[in-house]
Amino acid sequence: MLDPKKFCSLLKKNNINFITGVPDSLLKNIISLFEKKKIKDHLSVGNEGIAVSLAAGHYLSSGNPALVYMQNSGLGNAINPLNSITNKKVYGIPMILLIGWRGEIIKKNLQAKDEPQHLYQGKITLNQLKLIDIPYRIINKNLKNLEKVIKELKELTISLQKPVAIVVKKETFKKIEERTKFKKNKNYPFRQKIIETIIKKSPNNSVIISTTGYTSRELYQLRYLKNENTCKDFLMVGGMGHAASISAGIAKNLKNRKIICIDGDGSLLMHTSAIQNSAMMKNFIHLVINNGVHDSVGAQKINSKKLNYQKISEGFGYDLYYRASTLMELDTTLNKALKVNKSVFVEILSTAGTNKNLFRPKEKFLYRKNEFKKFLKKNV
């Protein structure tokens with residue numbers, strides 16, 4: 001397996017001194033070193049398109065290409081600036097993309113076991129890069145010439161005046177002892193307890209949409225263990241940052257029912273402008289679980305110390321804002337939110353972490369979709 005420390009030292013050796021991106025579980029050990037400032041300049045951002053644009057600005061002002069890290073699912077967010085800004089036929093801006101390959105192709109007709117959304121993305125990842133004319137190199141744990149790969153890609157991106165990519169297979173990088181450990185604030189409740197409270201307080205006819213990652217899996221597991229209908233909720237299994245928009249699309253058509261979006265701080269920041277629409281819905285309750293990290297991909301910190309969610313929510317037009325840091329405060333807040341015909345934004349402070357025995361939805365997603373649609377049509 002490759003040494004993350006060596007990878008960082010080779011970046012510095014090749015004058016790649018600005019790193020930006022969105023965390024990915026396959027890259028978590030490298031990203032941990034970025035967070036510890038093993039590279040001079042590092043910014044974790046809300047979505048991959050922002051990272052590409054930051055990298056473009058860095059090159060324009062320094063003359064050196066940056067490194068942009070992401071999961072392969074993030075290519076969707078990155079494609080616009082990659083095509084319309086950095087492409088050789090537009091501004092021609094060099095950079096190196098470091099892409100974690102979920103759902104990787106092991107060999108012809110054989111794909112690594114993964115979740116449905118990752119399997120499809122895994123199949124098309126290399127074709128996506130070919131389609132947008134980005135040369136790439138696939139690396140794995142058996143790579144012997146990492147120094148040569150980085151040096152050649154740095155030279156290639158400059159000579160071609162366009163982005164190049166390193167596609168990283170699973171278990172390529174060693175675990176490191178000095179991985180950043182998020183300090184848990186035990187004064188705040190765990191997300192699973194928060195979701196349990198939301199389930200208890202939600203009316204039977206309310207509709208719950210939950211963001212991707214641990215949030216949806218915990219919601220599902222709580223329903224399952226209580227023998228409740230696990231298909232009455234819409235679980236985001238991909239499309240990070242889009243839970244609020246799906247919720248708003250439902251809310252505008254079901255005005256006589258409460259629509260509850262269980263979101264995360266990282267998810268909200270990925271596509272923040274979505275809330276200008278959800279804030280218009282008087283039957284909408286937006287519950288944002290704020291734990292300060294990207295929990296399901298390695299607990300990397302979110303760059304959010306100076307964010308004020310009250311001002312953000314009010315600025316985008318929500319009628320009411322509440323903040324809860326205990327389950328009792330959340331209980332009281334939900335009582336208020338469920339009684340009013342107004343859009344409500346609730347920031348819920350939480351500690352990171354999840355149940356070690358957390359499992360995934362057992363039904364096929366097409367079945368879940370059809371059952372969810374039936375629930376929406378019910379006059380309950």
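Here is a short selection-by-selection tour of this predicted model.

**Stop 1: a helix pair.** Start by selecting residues 4-13 and 146-160, which are helix 1 and helix 6. Their axes sit 10 Å apart, and the two pack at an angle of about 35°. The crossing is right-handed. Now show side chains: on helix 1 pick Phe7, Leu10, Leu11 and Lys13, and on helix 6 pick Leu146, Glu147 and Ile150, since these are the residues that meet. Colour that contact by class and you get 5 nonpolar and 2 charged residues, with no polar ones.

**Stop 2: the sheet.** Next, bring up the open sheet of 6 strands, with parallel pairing and the order 10-9-11-12-16-15. Strand 10 (233-235) and strand 15 (320-324) each have a single partner strand, so they stand at the edges with one side lacking a neighbour in the sheet. Look along the sheet and you'll find a twist averaging 15° from one strand to the next. For a close-up, select 207-210 and 259-264: these are strand 9 and strand 11, parallel and joined by 4 bridges. One residue pair to click on is Ile209 with Cys261, its bridge partner in strand 11.

**Stop 3: helices over the sheet.** Add residues 309-316 for helix 12, which lies across strands 12, 15 and 16 and runs at about 160° to strand 15. Then turn to helix 14, which lies across strand 9 and strand 10, at about 145° to strand 10.

**Stop 4: Arg368.** Helix 14 covers 365-377 and holds Arg368. Is Arg368 buried or exposed? It counts as buried, because its relative accessibility is 6%, and the cut-off is under 20%. Beyond its neighbours within four places in sequence, Arg368 has contacts including Tyr220, Asp233, Leu235 and Glu363.

How values were computed: Residues numbered from 1 in each chain as written. Predicted model: local features only at pLDDT ≥ 70, side-chain atom pairs only at ≥ 80, totals over all residues. Heavy atoms only, no water. Axes fitted to C-alpha atoms, helices over the stretch in contact; angles between N-to-C directions. Left-handed = near helix turned anticlockwise from the far one by under 90°. Contact = heavy atoms within 4.5 Å. Nonpolar A, V, L, I, M, F, W, Y, C, P; charged D, E, K, R; others polar. Buried < 20%, exposed > 50% of the residue type's maximum accessible area, 1.4 Å probe, protein only. Pairing = 2+ DSSP bridges.
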